[in-house]
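This report covers selected side-chain contacts, surface features, a pocket and backbone angles. The structure is shown first.

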Amino acid sequence: MTPFAIIALFLILARAITEVWLSQLNQRHVRAHANEVPIAFRGVIDDATYRRSVDYTLAKSRFGDIANVFDTVVLIGVVFSGVLPWGFGRFTASFGTSIWAMTGFLFFIGIALSIFALPFAWYAQFKLEQRFGFNTATMKTWVLDRVKGFLLALLLGYPLLALVLKLIGWTSANWWVFAAAVVIVFQLFLLLIAPAVIMPLFNKFTPLSKGALRERLFALAQRTDFPTRNIEVMDGSKRSRHSNAFFTGLGRFRKIVLFDTLIAQLTEPELESVLAHEIGHYKKRHVLKLLGVSIAGVFVAFAAIAWLARQQWFYRAFGFEHQGGFAAASVVPAMLLFALLAGTISFWLSPFIHTWSRRFEYEADAFARATMGEAQSLVHALRKLSEKNLSNLIPHPLYSGFYYSHPTLLERERALRTAA
């Protein structure tokens, strides 16, 4: 092993060990408060529901530990066994190094690795979620979702990847700038067409029925100057009893979406407060800020790939031969290795990213409180959602720092009441 390979292995193992340690820390914390409802939630959640939330949290954590260890073993095996350079050599010998062949290699590796995750996804849906009463999906729906996802990746992702590789030959040293720009334009295009073309492939969207709720939500959109033409209901109950609300699309294609499960669980004022929270993200420009970070991230990722593709020591560390020059075949190994190893680095940045995300949630909550003129509707909505979804009410602070993009229920209530 080269020194860099040893460093990479150390980072992968450090992440895996840290993830298991954080999970065990959180499980011990939850068990320590499992026998009775914490004082802050007495009168909010009954003993039986609290006990089920504890069981659900522990079951998910144990399952997550197994999945994480398995993923780490697979990653180490794939990256350090020599199977990637061997497979790359065999593939190029059989199919050549054309743009379409190199795209096929990356696509094939991605599909092959995703197969390892299928048993875990099936167990999570049909065993774990079923056990706690959340799963409503049929095996047919589950299989069709994955077939549709594969076909979309083939129809949209394959040509995009081929174009990115083609840019290497067209633009030489500056290929990564043009590649990042193409990917960003493609992502914006997807945001534009997804509500009308892609999302209906998976779910049914129907206009919110005329009545008091529809009038109430349109009045909210009007007084907050939120541009929307549609409020639609999504059949989330087709797959799960979990609930959500969001807005999607850009410009004239923007629309508000409510899960049918959410409508069944909340009262009209509570639904209005949840929607006000979502509108708060738009009004506070959180969407644009996140989009800006995403765009910067794409440029940084392609710049890193371009730099790594020129480093002989990087290729040698994982068994590849460094070919040099600006051809697809010389960059593809760097792309593949970067995709496999990027999560190992981004994991350590997650506390900082989630701190920023939680700040956005507080700001959106404050906007909803100001818009509604009171905090109680949102507080009640958050309590119901936590109860219905069996959320972990008492995560360990260090665990939530690494994994929670939203503040806990208690933290959000405190902020709302303090502001009020």
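## Salt bridges

Glutamate 363 and arginine 359 form a salt bridge in which the closest N and O atoms are 3.4 Å apart. The coordinates belong to a predicted model. Both glutamate 363 and arginine 359 sit in helix α12, which spans residues 328-372, and they are four residues apart, about one turn of the helix. Glutamate 363 counts as partly exposed because its relative accessibility is 22%, and the lower limit for that class is 20%. Elsewhere, Arg216, Arg223, Glu268 and Glu272 are joined into one network by salt bridges that share partners.

A second pair within a helix is made by arginine 51 and aspartate 55, whose closest N and O atoms are 2.8 Å apart in a salt bridge. The two residues belong to helix α2 (residues 47-80) and are four residues apart, about one turn of the helix. Arginine 51 is partly exposed at 33% relative accessibility, and aspartate 55 is partly exposed at 27%. Glutamate 36 and arginine 42 also meet through their side chains in a salt bridge, with an N to O distance of 3.3 Å. Here glutamate 36 counts as exposed, since its relative accessibility is 52%, while arginine 42 is partly exposed at 46%. The count for the model comes to twelve salt bridges.

## Nonpolar surface patch

A nonpolar patch of about 780 Å² lies on the surface, made by Trp122, Tyr123, Met139, Val143, Val147, Phe150, Leu151, Leu154 and Leu155. Two elements, α4 (99-131) and α5 (139-171), each give two or more residues to the nonpolar patch. The largest share is that of α5, with seven residues.

Leucine 155 is one of the residues in the patch, and its place is in helix α5. With a relative accessible area of 63%, leucine 155 is classed as exposed, because the class begins over 50%.

## Second largest pocket

The second largest pocket holds about 580 Å³ of space. It is lined by 23 residues, of which Phe338, Leu341, Ala342, Ile345 and Ser346 are the closest to its centre. Elements that give two or more residues to this lining are α1 (3-32), α10 (286-308) and α12. Helix α12 supplies the largest share, ten residues.

What is the make-up of the lining of the second largest pocket by class? The lining has 20 nonpolar residues, three polar residues and no charged residues.

## Positive phi angles

Most residues other than glycine have a negative phi. Serine 172 has a positive phi of about 55 degrees, although it is not a glycine. Serine 172 lies in the loop between α5 and α6 (175-198). Its relative accessible area is 32%, so serine 172 is partly exposed.

Arginine 285 also has a positive phi, near 65 degrees, and is a residue other than glycine. The loop between α9 (268-283) and α10 contains arginine 285. Is arginine 285 buried or exposed? Arginine 285 is exposed, because its relative accessible area is 52% and the limit for that class is 50%.

Technical notes. Residues numbered from 1 in each chain as written. Predicted model: local features only at pLDDT ≥ 70, side-chain atom pairs only at ≥ 80, totals over all residues. Heavy atoms only, no water. Patch = residues over 30% accessible without salt bridge, like charges linked within 9 Å, V, L, I, M, F, W, Y side chains within 5 Å. Areas by Shrake-Rupley, 256 points an atom, 1.4 Å probe, with all protein chains shown as cover. Salt bridge = Lys/Arg side-chain N within 4 Å of Asp/Glu carboxyl O. Buried < 20%, exposed > 50% of the residue type's maximum accessible area, 1.4 Å probe, protein only. 1 Å grid on protein atoms, 1.4 Å probe; cavity = no way out; pocket = protein on both sides within 12 Å on 5 of 7 lines; lining within 4 Å. Points joined across faces, edges and corners; volume = space filled by probe spheres on them. Nonpolar A, V, L, I, M, F, W, Y, C, P; charged D, E, K, R; others polar.
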